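Take a moment to look over the chain as a whole before turning to its empty spaces and to the molecule it holds. The paragraphs that follow lead through these spaces one at a time.

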Amino acid sequence: MPADRAGLNFRQDYFDDPAGWAAIKSLLYEIFSVDLDPLDTVGGYDRTSFPSAFFDETGCCIANLSGFAMPLIVNGRPVKAAGWQSGAVRPDFRGQGLFGDLIRHTLWRGEEQGFEAVVLYTDKPGLYAPHGFRTVPQFSFRGDAPKPMGGQKPARHLTIETDLGLLQALLANRLAVSQRLAVAQQAEMFLLNCHLLDDVSLSLMPDDKTVIAWRMTDGGLFELLDVVGEQMPSLTEILGALQLTPASIETFIPPDRLAFDAEPVRDDGPLVLMMRCADDRLPTEPCCLSPMAEF
Ligand SMILES: CC(C)(COP(=O)(O)OP(=O)(O)OC[C@H]1O[C@@H](n2cnc3c(N)ncnc32)[C@H](O)[C@@H]1OP(=O)(O)O)[C@@H](O)C(=O)NCCC(=O)NCCS
């Protein structure tokens with residue numbers, strides 16, 4: 001366990017303490033402008049979380065790094081992975097090795113729990129590469145839209161406020177959207193991202209068992225962000241139920257379960273996905289994690 005520093009106390013697993021939860025929310029709001037308040041309305045933090053942090057004597061959270069369980073499917077097989085998020089140090093305390101301490105300790109905690117892999121998003125890959133993390137290139141997938149299936153009942157628009165129970169039930173029993181790389185189970189980030197991402201629509205397919213997360217761009221491109229359910233509908237069924245006839249489609253999930261003839265388009269944005277795992281746990285085909293799973 002990291003030693004306390006002058007004026008700072010090391011703490012872990014403190015989210016159940018209301019003052020601790022308020023302190024991490026304030027750190028993340030100040031450093032990333034991310035508001036965690038919506039999480040409180042959808043059941044609170046992920047109970048698998050294992051945060052480690054330094055606090056000052058007034059109870060202010062100075063530095064934090066949180067791990068949580070993020071079971072994945074990679075190359076068709078389950079991988080017991082942990083996600084890392086909320087890594088931050090207040091500006092006045094940077095450059096003193098606090099974050100390095102938190103990385104080493106969180107790695108050790110993950111190994112103790114038997115995680116085979118760690119995944120994270122970062123715009124600073126150099127921070128994690130010395131600890132064995134490797135960048136996993138991310139792609140979206142573009143192609144011509146198929147003809148929508150005719151004669152379908154229309155999908156129903158859902159909101160997170162009115163349909164929370166249904167969404168949670170479907171998230172708990174979902175099929176992984178891809179064999180290449182997908183979240184096997186993780187509900188909290190999906191629900192939080194409904195609040196954080198712009199213009200996401202949630203639609204319930206006529207079978208009442210599948211939710212489509214999607215949006216249309218101003219240019220008329222249909223963007224498929226995620227599919228939550230026990231089965232994977234085809235794109236023709238999805239477009240038919242949404243009553244849309246776009247010319248083209250971009251999916252932000254790998255298309256192997258969609259029977260979609262698509263071109264992979266590499267994401268060259270500043271945010272990269274990194275994994276720390278054995279070579280045979282790394283995805284081997286063009287892939288991405290759904291933006292609804294981003295953390
Ligand atoms: C990035 C951040 C967490 C580093 O915290 P810190 O306490 O200053 O880091 P440390 O002093 O423990 O440095 C740890 C190591 O990372 C390196 N490092 C620090 N900032 C880095 C950066 N931006 N890019 C690459 N490496 C960096 C340090 O040189 C040090 O390397 P060393 O162990 O070889 O000496 C902090 O600057 C911060 O909160 N930034 C804003 C939020 C952010 O970007 N968080 C990370 C999101 S994934």
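How many nonpolar, polar and charged residues does the lining of the largest cavity have? In this predicted model, that lining has 11 nonpolar residues, together with two polar and two charged ones. A search of the whole structure finds one cavity of 30 Å³ or more, and the volume of the largest cavity is about 110 Å³. Its lining is made of 15 residues, and those nearest the centre of the cavity are Arg174, Val183, Asp226, Ser290 and Ala293. Strand E11 (181-183) and helix H6 each supply at least two residues of this lining, with E11 giving the largest share, three residues.

From the cavity we can turn to the largest pocket, which holds about 1200 Å³ of space. Of the 48 residues that line this pocket, Phe32, Gln85, Ser86, Gly87 and Tyr121 are the closest to its centre. Two or more lining residues are given by each of the elements H1, strand E3 (61-69), E6, H3, E7, H4 and helix H6 (188-196), and the largest share, six residues, comes from E6. When the lining of the largest pocket is sorted by class, 29 residues are nonpolar, 13 are polar and six are charged.

Where, then, does the ligand sit? The ligand sits in this largest pocket, and of the 18 residues around the ligand, the ones that come nearest are Val89, Gly95, Gly97, Gly100 and Lys124. At least two residues of this shell are supplied by each of helix H1 (18-32), strand E6 (81-89), helix H3 (98-112), strand E7 (117-122) and helix H4 (125-128). By class, the shell around the ligand is made up of nine nonpolar, seven polar and two charged residues.

Looking at single atoms, we can follow how particular residues meet the oxygen atoms of the ligand. A backbone N or O atom of Gly95 lies 2.7 Å from an oxygen atom of the ligand, while for Gln96 a backbone N or O atom lies 3.4 Å from a ligand oxygen atom. Arg94 takes part through its side chain, where a polar atom lies 3.4 Å from an oxygen atom of the ligand. On its own the ligand has 900 Å² of accessible area, and the protein covers 62% of that area.

Technical notes. Residues are numbered from 1 along each chain as its sequence is written. This is a predicted model: local features need pLDDT of at least 70, side-chain atom pairs count only at pLDDT 80 or more; totals for chains, interfaces and linings use all residues. Side-chain values use heavy atoms; hydrogens and water are left out. A residue is near a molecule or strand if one of its heavy atoms lies within 4 Å of it. A polar contact is a pair of N or O atoms within 3.5 Å; within protein, one must be able to donate a hydrogen and the other to accept it, and residues adjacent in sequence count only if both atoms are side-chain atoms. Accessible areas come from the Shrake-Rupley method with a 1.4 Å probe; for residues, only the protein chains shown count as cover. On a 1 Å grid over the protein atoms alone, a cavity is a set of points where a 1.4 Å probe fits but cannot get out, and a pocket is an open set with protein on both sides within 12 Å along at least five of seven lines; lining residues have an atom within 4 Å of a point. A molecule sits in a cavity or pocket if more than half of its atoms lie within 2 Å of its grid points. Helices (H or I, at least four residues) and strands (E, at least two) are DSSP runs, numbered from the N terminus. Ala, Val, Leu, Ile, Met, Phe, Trp, Tyr, Cys and Pro count as nonpolar, Asp, Glu, Lys and Arg as charged, and the others, Gly among them, as polar. Grid points are joined across faces, edges and corners, and a volume is the space filled by probe spheres set on the points.
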